[in-house]
Amino acid sequence: MSLAVTCRGLVYIYRLEGYDVVALSGVDLDISPGESVALLGPSGSGKSTLLSLLAGLLPPSAGRLTVGRHDLVRATPAELQALRATDVGVVLQGASRNLLPYLTAEQNIRFAQRGVRGRDLPDPREVLAMVGLSARGRNRQRPQRLSPGERQRLALAVGLAARPGLLLADEPTSQLDTRARDEVLTALDAVRRAGTTVVVVTHDPDVGLRMGRTVTIRDGRVGAEGRRGEDYAVVGRDGTVHLPQEVLRMLPPGTLVGVEPQPDGTVLLVPSPASVEDVQ
Ligand SMILES: Nc1ncnc2c1ncn2[C@@H]1O[C@H](COP(=O)(O)OP(=O)(O)OP(=O)(O)O)[C@@H](O)[C@H]1O
């Protein structure tokens, strides 16, 4: 069963000795069951932190977060662990971090299925077939005998071992050549067609296009959304809007802007020749 995700005013603060780092500053995001979403954004904007919260690996500092029927703010550590074992598959950045090197591909899947109770588990070969790893005895190979792209697809298969309703993957195509990257994307298409909700963190805009929906995280919140190639800025809960780079070049920081609602429902931004400094 595919799972929905709801974030409302989601905040995460890394508390370090002497100072705090606000990694997420109020994420509002709805993901429908079966949807595929790419999280894009500059380095340090909060993508991996958001993924860790969705996975139940980090507890929200404030706000609301639900995955399916699970309330991740109230969940106990035991409930979060059960969630990761069954409903949410997590693929960490770097394929090898998800794999046991001394087990074959098939054994890696079986290992990920151990201890899962209360649901029908898929046949490991079925999971390997979904990510294109059933031919030429790939199921009997250990990870180091597989190519980098095959290893990454095996990492996805391990994340799918318990047939989760939500698959989270951090940079699944980084450091792969074009062909291997396309094979990983084809595997993700198959996962989505099987009805699983998929959320992928990526720096690659092409991956974003292939996923159908992009969500750009900027300064710890949703700054923009892309649907079927159309890009939209998102108005934050405090009324702020992250302007696209090309508009920011026309309206650099400090520009005074007249905001004029039009009768047809559009809004005009009219720059003034004066700047904030002139007014102060
Ligand atoms: N373990 C940590 N301790 C303290 N601060 C952290 C920690 N992990 C991340 N941060 C900070 O939180 C903010 C968001 O980081 P995060 O890794 O979520 O961003 P990101 O968008 O995934 O970046 P990248 O694309 O480089 O992986 C950054 O300011 C980062 O320095």
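How do the residues of the shell around the ligand divide into nonpolar, polar and charged? I shall answer that first, and then turn to the chain. The structure is a predicted model, in which local features need pLDDT of at least 70, side-chain atom pairs count only at pLDDT 80 or more, and totals for chains, interfaces and linings use all residues. Residues are numbered from 1 along each chain as its sequence is written.

The shell holds four nonpolar, seven polar and one charged residue; here Ala, Val, Leu, Ile, Met, Phe, Trp, Tyr, Cys and Pro count as nonpolar, Asp, Glu, Lys and Arg as charged, and the others, Gly among them, as polar. Around the ligand, with the C-beta atom placed from the backbone and within 6 Å of it, stand residues including Tyr14, Val21, Lys47 and Thr49. At least two shell residues come from each of β1 (5–16), β2 (19–31) and α1 (47–54), and α1 gives the largest share, three. Helices (H or I, at least four residues) and strands (E, at least two) are DSSP runs, numbered from the N terminus.

Now to the chain. An automatic or database assignment gives domain 1 (5–242) and domain 2 (244–280), with C-alpha centres 37 Å apart. The unreviewed UniProt entry annotates residues 5–244 as "domain: ABC transporter", in the numbering used here, and such annotations may be inferred rather than shown by experiment. That span is 29% helix and 29% strand, and its end C-alpha atoms lie 26 Å apart.

Finally, consider Val200. Leaving aside neighbours within four places in sequence, its contacts (C-beta atoms, placed from the backbone, within 7 Å) include Leu39, Pro172 and Met211.

Note on methods: Contact = placed C-beta atoms within 7 Å.
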